[in-house]
Structure formats: C-alpha cells, structure tokens
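The following exercises are to be worked with the sequence and the structure at hand. Each task is followed by a solution in steps.

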Amino acid sequence: MGDEKHPSSKLSEILRPGKLLHRRRRLVSEFADVGREDALHESDTVKYRVFAGTWNVAGVAPPDDLDLGDWLDAKADSYDIYVLGLQEIVPLNARNVLGPTRSSAAMKWNSLIGDALNRFTTGRRRRDNDDDEGAQRHGQQQQPFRCVVSEQMVGIFVSVWARSGLRRHVRHAAASCVGAGVLGRLGNKGAVSVRFLLHGTSFCFVCCHLASGGKDGDAQLRNADAADILSRTTFRRRTTAAASPAPEELPLPRKILDHDRVVLLGDLNYRIAMDDAEARLLVRAGKWSMLLENDELLLELAEGGSFDGWREGLVTFSPTYKYHLNSDMFYWSIDAAGGGGDKQQQRAPAWCDRILWRGKGMRQASYERCGGYRISDHRPVRALFDAVCELAGGGVGVEHSTAGIASFGHVPLL
C-alpha cells in the first residue's frame, strides 16, 4: 500500500509477537514494572492471543455472502479471543436513534462473524480426527469459537468470542452503554463497553464512536466525548447469588480504568490538523508519515489529556477514511480534483479508526488496516495482543465456572 512508518517513537511502538499459547511459571515482573519490589514474586500465568478489531460499516446492511475471514485472519486459526467493535450497523437517522433497539442487524453481523471464525476450525477438526498427532499439534487452536457476550446501542455493536475450551474461564461478563450524541446523551454517538474476568484478570473493551467533523474545535469535542465515556461508564453490581463473587474474591471493577487490561477501539474520528492545500500535496505523494505528524489523536496522546496513560501501536498503514463506496478512491481525490463539490468532502483522508490500550500484561504483536472491504467509506482495522492472565489462588476469578456469562442487547449466544 506504499505505507511509511511514523517517525515518532515517543508516541507508539511495535512489539514483537510471542508464542500463541503457553502456561508456565514466570515472574510477574516480565509484564510489570521491573523496579516494583512487590511484583517480584512467582505466580502461575497463562498467555492468550487476543484479536481486537474495529470497523465503521456506514449503515450498510451486509450482503449474505460477505466473508469476514480476511479481516479476522480466520484461516490462521491462531487466536484465543476475538473482540470486535462495529459502528453504524444501522443508519443514524431519527427512527433508529429515538426508536427501540433493533437487533436484526446485530444478529446478522454476529452470524457472519461466527461463520468466518468457525469455517476453518471445523475443517481442521474433521481432518485431525484421523490424525492423532495432528490433533495434538493443533490442540487449543482446533476448538470452535462461541459468542460470550454481545451488546448493541443504536449503531454501535460489540461482540466477544472465545474458544469453546475457554468459556468456563470467562466469568462475570457485563456490558455498559453511554450515549454521547444528541443532547450529550443519545446513542448516535458514545460507547458500548464490555468487561469480563478471564481466570483472575479483568478485561475491559470500549467501542467508541466519537464526535465527527473537521472544523476548528471538533477535536476538543472528541476529547470531551472520550473523557465523558471514561467517567460515566459504570458496570452494575451483580445481585443474583449465582453471579456473586465468592467471599474470598476481590470486588469486581465497576469503572473502565479499574480493570487490569483495557482496550479502546472504534471510529474515534480524529482528523489531520494542517492546511488543506499542503495536505493535498502529501496525499497525492502518499506521504502518510508526514500527514501523521499532524494527526489529532497522536498530538493528544503526546500531550496526555483525555488519553493520558494510553498507548497506540505504530501506524504504518494508509488512511482508513473516507472512500467512495465500492471503491479504493478517496472522496477527496475525486471531489477535489475538479475544484468543485462539497468543501466538507474535500478534507484530507484521515485515520479515524484506531485501537488504543493501557495496563500491564499486554503486548501488541501487530496493528493493521484491511483494505479488501469496500462496502463502507471506512476500512476495518485490527490489532493483535499477547495478554497475560493471572492464575494465582486467593484472588478474583480463581474458580472456573460459567457464572455471569450472558447475552445482551437481545443478541443470543451461538
């Protein structure tokens, strides 16, 4: 794609991928501050490969034959957990924003996700039935995926999938929705957050759709949306006996930043803060790294503010927005060429779709855009993480049960 690496090592980094899955005795300090004395003790841990993906699908109903396998890297059969965040799964019109939540679009997307994830695992299980050595070699990677939790708020949809062998270790799954759109409360913008415990480690994934626009002051609106989402999102306390923590367990986190591992993804809508004429020249030359020097999100990450403590992998891919439908041409490239058209459409392409994370115990293996999907004016993005989970006794989630696993937003578990 002719992508160039971003020159700033302060803002982000690429971390090498580790092994797919292993369990062993290790020092907690490998994924914590080495200088912390209280981290220098041995504990049982297990490392999983976590796939996080985001895509704004522009309110387009997916065709029945849409194959998500390329975006999900399903053929590799290398991941243990998938967390997928979609935006605009329905058009953001008054009927959808003000009316009752419709689950048909979410069910359609969930079905396509399940089909893509399990197409290759099913074939491999059949082949390995006649090959004991092959079955042992594939091991965990043979297991099919099952939906653990999903939630929809207007156009924002989150779906979490885990290997069938892991589901008994995934507990206390919950979702929380925060609207930040019209009147600062409606769900045309905002976030859907899901959390769960995996063994004794808490995870939280926040799927956002922040304020749009490329005018002066719009970046501050996005910053305010993000701060509002982090502040207002609260996970309710469990009240049923079956889902209550055991007496020896620590209280479950209720706020996003209280979780051990946190990933924030979505259409964050940050644009390029530079003169339009200069941006046009850089776009024509494919000088993405120079455009990224003026990326609003990278500037915000450097300054702290709403994203203090968050990290992003190195952005080496082409802009994710805005394209003509069913085309690889930017809106800007066509509309600006003739010197006419809507000035709002003449903005330089931008990296609106992003994935950030925070918390110790996570290492990013890759961060990519997937260019083969053209039904939307956005392109999907994915990030792969190696995540360590604590197995030490006497803490949160040491018991292995399915208590707390549920479906949300009227989207059934598969």
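A salt bridge is here a side-chain nitrogen of Lys or Arg within 4 Å of a carboxyl oxygen of Asp or Glu. The model is a predicted one, and by this rule it holds 12 salt bridges.

**Exercise 1. A salt bridge of helix H3**

Task: Determine which residue forms a salt bridge with Arg-119, and state which parts of the chain the pair ties together.

Solution.
Step 1. The partner of Arg-119 is Asp-67, with the closest N and O atoms 3.2 Å apart.
Step 2. Arg-119 belongs to helix H3, whereas Asp-67 is found in the loop between strand S2 (42-56) and helix H1 (69-72); the pair therefore ties together parts that are 52 residues apart in sequence.
Step 3. To classify the exposure, recall that buried means under 20% relative accessible area and exposed over 50%, with partly exposed in between. Arg-119 has a relative accessible area of 41% and is therefore partly exposed. Asp-67, at 40%, is partly exposed as well.

**Exercise 2. Arg-354 and its network**

Task: Identify the salt-bridge partner of Arg-354, decide whether Arg-354 is buried or exposed, and name the residues of the network.

Solution.
Step 1. Arg-354 forms a salt bridge with Glu-312, and the closest N and O atoms are 2.7 Å apart.
Step 2. Since Arg-354 lies in strand S11 (residues 353-358) and Glu-312 in strand S10 (residues 311-312), the pair ties together parts that are 42 residues apart in sequence.
Step 3. Both Arg-354 and Glu-312 are buried.
Step 4. A network of salt bridges links Asp-295, Glu-312 and Arg-354.

**Exercise 3. A salt bridge between two loops**

Task: Locate Arg-374 and its salt-bridge partner, and classify the exposure of Arg-374.

Solution.
Step 1. Arg-374 forms a salt bridge with Asp-328, the closest N and O atoms being 3.0 Å apart.
Step 2. Arg-374 is in the loop between strand S12 (362-369) and strand S13 (381-390), and Asp-328 is in the loop between S10 and helix H9 (331-335); these distant parts of the chain are 46 residues apart.
Step 3. With a relative accessible area of 33%, Arg-374 is partly exposed. For Asp-328 the value is 44%, so this residue is also partly exposed.

**Exercise 4. The largest nonpolar core**

Task: Find which residues touch the most other members of the largest nonpolar core, and list the contacts of Leu-68 beyond its neighbours within four places in sequence.

Solution.
Step 1. The core has 104 residues, and those touching the most other members are Leu-68, Leu-72 and Trp-109.
Step 2. Helix H3 (residues 104-128) supplies the largest share of this core, seven residues.
Step 3. Leaving aside neighbours within four places in sequence, Leu-68 is in contact with Trp-55, Trp-109, Leu-112, Ile-113, Ala-116 and Tyr-373.
Step 4. In soluble globular proteins, nonpolar side chains tend to be buried together.

**Exercise 5. Strand S7 within its sheet**

Task: Establish the strand order of the open sheet of six strands, and describe how S7 is covered and paired.

Solution.
Step 1. The order is S6-S7-S8-S9-S11-S10, with mixed pairing. S6 and S10 are the edge strands, each pairing on one side only.
Step 2. Strand S7 (residues 190-198) is mostly covered, as nine of its nine residues are buried. Gly-190, Val-192, Val-194, Phe-196 and Leu-198 point one way from S7, while Ala-191, Ser-193, Arg-195 and Leu-197 point the other way.
Step 3. Strand S6 (residues 170-179) runs antiparallel to S7 and is joined to it by eight bridges; the bridge partner of Val-170 in S7 is Leu-198.
Step 4. S7 and strand S8 (residues 201-209) are also antiparallel, with nine bridges, and Leu-198 stands opposite Thr-201 in S8.
Step 5. The hairpin of S7 and S8 has two residues between the strands, and His-199 there takes a positive phi near 55 degrees.

**Exercise 6. Beyond S8**

Task: State how strand S9 pairs with S11, and which strands helix H8 lies across.

Solution.
Step 1. Strand S9 (residues 261-267) pairs with S11 in the antiparallel sense over six bridges, and Val-262 has Arg-358 as its bridge partner in S11.
Step 2. Helix H8 (residues 296-303) lies across S10 and S11, at about 15 degrees to S11.

Technical notes. Residues numbered from 1 in each chain as written. Predicted model: local features only at pLDDT ≥ 70, side-chain atom pairs only at ≥ 80, totals over all residues. Heavy atoms only, no water. Core = buried A, V, L, I, M, F, W, Y, C linked by side-chain atoms within 4.5 Å. Buried < 20%, exposed > 50% of the residue type's maximum accessible area, 1.4 Å probe, protein only. Helix = DSSP H or I, 4+ residues; strand = E, 2+ residues; numbered from the N terminus. Contact = heavy atoms within 4.5 Å. Pairing = 2+ DSSP bridges. Axes fitted to C-alpha atoms, helices over the stretch in contact; angles between N-to-C directions.
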